[in-house]
Amino acid sequence: MTVPAPLPFPSDAAGWAAFATDRPVERIARVQEIDRRLKTEPALSTAERLDLWNDADIALTEALSEAYVLSEAHPAGNVRDAAEAQVQAVESLSAARMLDPELWGAFANAPADGLEQDQARLLSRLLRDFRRGGVELPEDDRERARRLADRDTELSLAFSRNIRDGRREITVPSESLAGMPQDFVDAHPADEHGRVTLSTDYPDLMPVRDYALDRATRVALVSAYNDLAWPENDAVLAELLEVRSERARLLGYSDWADYETETRMIGSGAEIPAFLKRLDEASRAATDAEYPVLLDRLRRDVPGAEAVSIADFWYLLGAIKREQYDVDAQLVRSYFPFERVARGVLDVTGRLLDVEYVPVDAPAWHPDVQTFDVVRAGDRLGRIHLDLHPREGKFNHAACFPLAPGVEGRVLPEAALLCNFSRGLLEHDEVVTFFHEFGHLVHDILGGRQRFARFSGVATEWDFVEAPSQLLEEWAWDADVLASFGANADGDPIPADLVERMRTADAFGRALEVRRQLGHASVSYHLHVDRPADLQAETERLYASTSPVQPLPGRHSYAGFGHLTGYGACYYTYQWSLVIARDLLSGFAADLMDPEAARRYRTEVLERGGSRDARELVEAFLGRPSSFDAYREWLAGD
């Protein structure tokens with residue numbers, strides 16, 4: 001079998017602009033030639049047509065993935081701009097193909113007799129894609145659908161770019177850093193006027209909202225964060241919502257939520273509010289018990305306070321856990337220097353999934369990037385790239401980005417993590433985030449030995465894709481796992497009794513966090529379905545009505561809500577997946593590092609990629625359908 005080669009990244013800075021442009025152009029030309037053959041060679045068998053389609057899928061996926069990563073992570077603005085232009089070009093071609101009646105004709109009446117299971121699955125998905133793309137519409141409507149799809153891409157790219165470039169700063173008196181960890185204070189010296197500059201980058205935002213005793217400082221920085229990309233994204237989002245609404249109606253759907261959910265586990269747009277209602281009911285009693293505790297604690301600092309705001313939320317949780325559960329987050333973070341955590345995530349997932357991460361001295365888009373081959377028994381399974389610290393012009397959240405779709409014997413799966421961790425000590429929440437995002441990464445690599453690119457890696461239904469990552473978060477709460485890498489400056493491992501207290505304390509505030517997620521899901525759904533004239537007022541109303549923890553008034557958090565592009569109306573996905581993840585955890589009941597459970601999970605879930613429906617993956621691992629019970633018990637703190 002041919003051993004696939006990794007991506008040939010340029011070894012010099014000057015080569016990246018050409019890489020960002022020439023490779024997508026070459027792949028687009030390749031796809032156009034494939035399409036010509038599909039439309040002009042009627043003697044091709046169905047299997048041959050599917051193989052050609054797969055060739056085009058590989059080319060398009062490679063071109064799009066590479067361009068997306070460079071548009072979000074390359075340090076040079078001209079390279080990001082060139083890559084973004086290629087994202088637009090590739091997305092435009094992809095949409096146009098779904099509207100091409102001649103191309104559709106190559107598959108619409110293709111006989112399915114004798115097809116193997118994965119071939120039949122690909123043909124079925126392909127015909128569905130053509131229908132959803134609008135190929136059966138009249139010619140004028142097809143042209144309108146094409147224009148709307150192109151505009152959706154253009155607006156989504158602008159929305160993301162404005163967030164990426166929207167970093168904000170505030171200045172506060174140096175005494176406003178009271179309560180902050182000493183390493184944070186040392187890293188933020190006062191200027192000649194006695195003022196300190198704070199940014200909305202995560203290494204500033206997260207510690208300030210967790211530790212700053214001065215409420216005004218917390219409010220000021222969270223306010224700045226909640227105004228990222230505003231006012232730039234106000235008009236962009238308003239038009240994007242209208243474009244998606246028109247596109248859905250043109251394609252025969254009642255709204256964008258109905259269009260998106262047709263291919264997901266939930267099944268229909270109407271099921272989203274039904275699911276959110278279920279979350280509301282499941283979390284209400286615990287929320288009613290938790291919120292008064294937060295409000296009472298706030299009133300110790302701010303007598304007469306009438307409500308807890310989102311700028312108070314994390315600070316109050318930390319204070320309560322320190323005072324009532326003996327969990328001092330500043331002590332906890334002392335056990336998590338970034339370098340130890342990074343090595344630990346590699347070690348733990350390597351042992352769990354029976355792989356080794358071998359460092360590779362290879363070119364990448366920035367010197368921060370660390371590259372590893374993922375190896376098992378001498379067999380290279382894929383390649384990963386870790387880009388983990390903030391910088392100007394870079395994606396400012398945390399996510400896994402695919403780079404190359406794994407195809408057995410043809411394409412080596414590659415993916416990148418783009419995160420924004422401190423180079424010093426990490427909060428435990430950041431350790432959890434690291435495990436979460438790494439869950440996407442290993443899913444992409446281990447699921448990358450498929451026959452067809454369509455089913456490679458994280459290619460399951462979109463409302464399942466978070467489940468494997470949310471499951472892996474549990475390893476960041478295990479005393480033995482954390483002690484294997486978490487150690488303080490003296491080399492002492494994190495004590496098991498501290499981790500046990502952390503686990504107990506974590507149950508407090510869990511329902512309120514679910515309400516916060518319920519707010520995000522409600523905003524995601526209702527902005528797309530209702531398309532309010534006043535985005536600010538409706539977003540604020542939705543957050544205020546879903547949680548007793550109130551939004552900061554007059555802010556514009558929707559402008560920086562990056563998930564509104566990729567997740568659209570379907571942010572419910574995070575809680576839907578969490579229901580499944582809590583259930584999957586029961587398969588590791590004996591021991592999180594149980595090799596037999598890990599092997600079954602790896603082979604039945606991760607390595608299947610998208611070759612089976614998500615429900616089948618879950619049932620194969622658990623031996624039964626997924627249940628809501630484990631999530632309900634977790635929410636109750638059991």
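**Helix 25, a nonpolar core and its cavities**

Visitor: What phi does Gly623 take just after helix 25?

Guide: Gly623 takes a positive phi, directly following helix 25 (residues 614-622); helices are DSSP runs of H or I with at least four residues, numbered from the N terminus. The model is predicted: local features need pLDDT of at least 70, side-chain atom pairs count only at pLDDT 80 or more, and totals for chains, interfaces and linings use all residues. Residues are numbered from 1 along each chain as its sequence is written, and side-chain values use heavy atoms, without hydrogens and water. The phi of Gly623 is about 80°.

Visitor: Why do the buried residues of helix 25 lie on the same side?

Guide: The residues concerned are Ala614, Leu617, Val618, Phe621 and Leu622, buried meaning under 20% relative accessible area with a 1.4 Å probe, protein chains only. They lie on the same side of helix 25 because the directions from the axis to their C-beta atoms cover an arc of only 115°.

Visitor: Which helices are included in what covers the buried residues of helix 25?

Guide: The cover is found through contact, that is, heavy atoms within 4.5 Å. For the buried residues of helix 25, it includes helix 23 (573-584) and helix 24 (595-606).

Visitor: Which residues is Phe588 in contact with, leaving aside its neighbours within four places in sequence?

Guide: Phe588 belongs to the largest nonpolar core, where it is among the residues that touch the most other members, together with Ile384, Phe434, Phe435, Phe438 and Trp475. Its contacts, with those neighbours left aside, are Leu352, Leu471, Trp475, Ala597, Ala598, Tyr601 and Phe621.

Visitor: Which helix gives the largest share of the largest nonpolar core?

Guide: A nonpolar core joins buried Ala, Val, Leu, Ile, Met, Phe, Trp, Tyr and Cys residues through side-chain atoms within 4.5 Å. The largest such core has 121 residues. Its largest share, 9 residues, comes from helix 16 (residues 428-446).

Visitor: Which helix supplies the largest share of the lining of the largest cavity?

Guide: A cavity is a set of points, on a 1 Å grid over the protein atoms alone, where a 1.4 Å probe fits but cannot get out; lining residues have an atom within 4 Å of a point. Leu352, Gly439, Pro468, Leu471 and Tyr601 are among the lining residues of the largest cavity. Helix 15 (338-353), helix 16, helix 17 (467-472) and helix 24 each supply at least two residues. The largest share, 3 residues, comes from helix 17.

Visitor: Which helix gives the most to the lining of the second largest cavity?

Guide: The second largest cavity is lined by residues including Leu353, Ile384, Phe438 and Val442. With 5 residues, the helix that gives the most to this lining is helix 16.

Definitions and conventions:
Buried means under 20% relative accessible area, exposed over 50%, partly exposed in between (1.4 Å probe, protein chains only). On a 1 Å grid over the protein atoms alone, a cavity is a set of points where a 1.4 Å probe fits but cannot get out, and a pocket is an open set with protein on both sides within 12 Å along at least five of seven lines; lining residues have an atom within 4 Å of a point.
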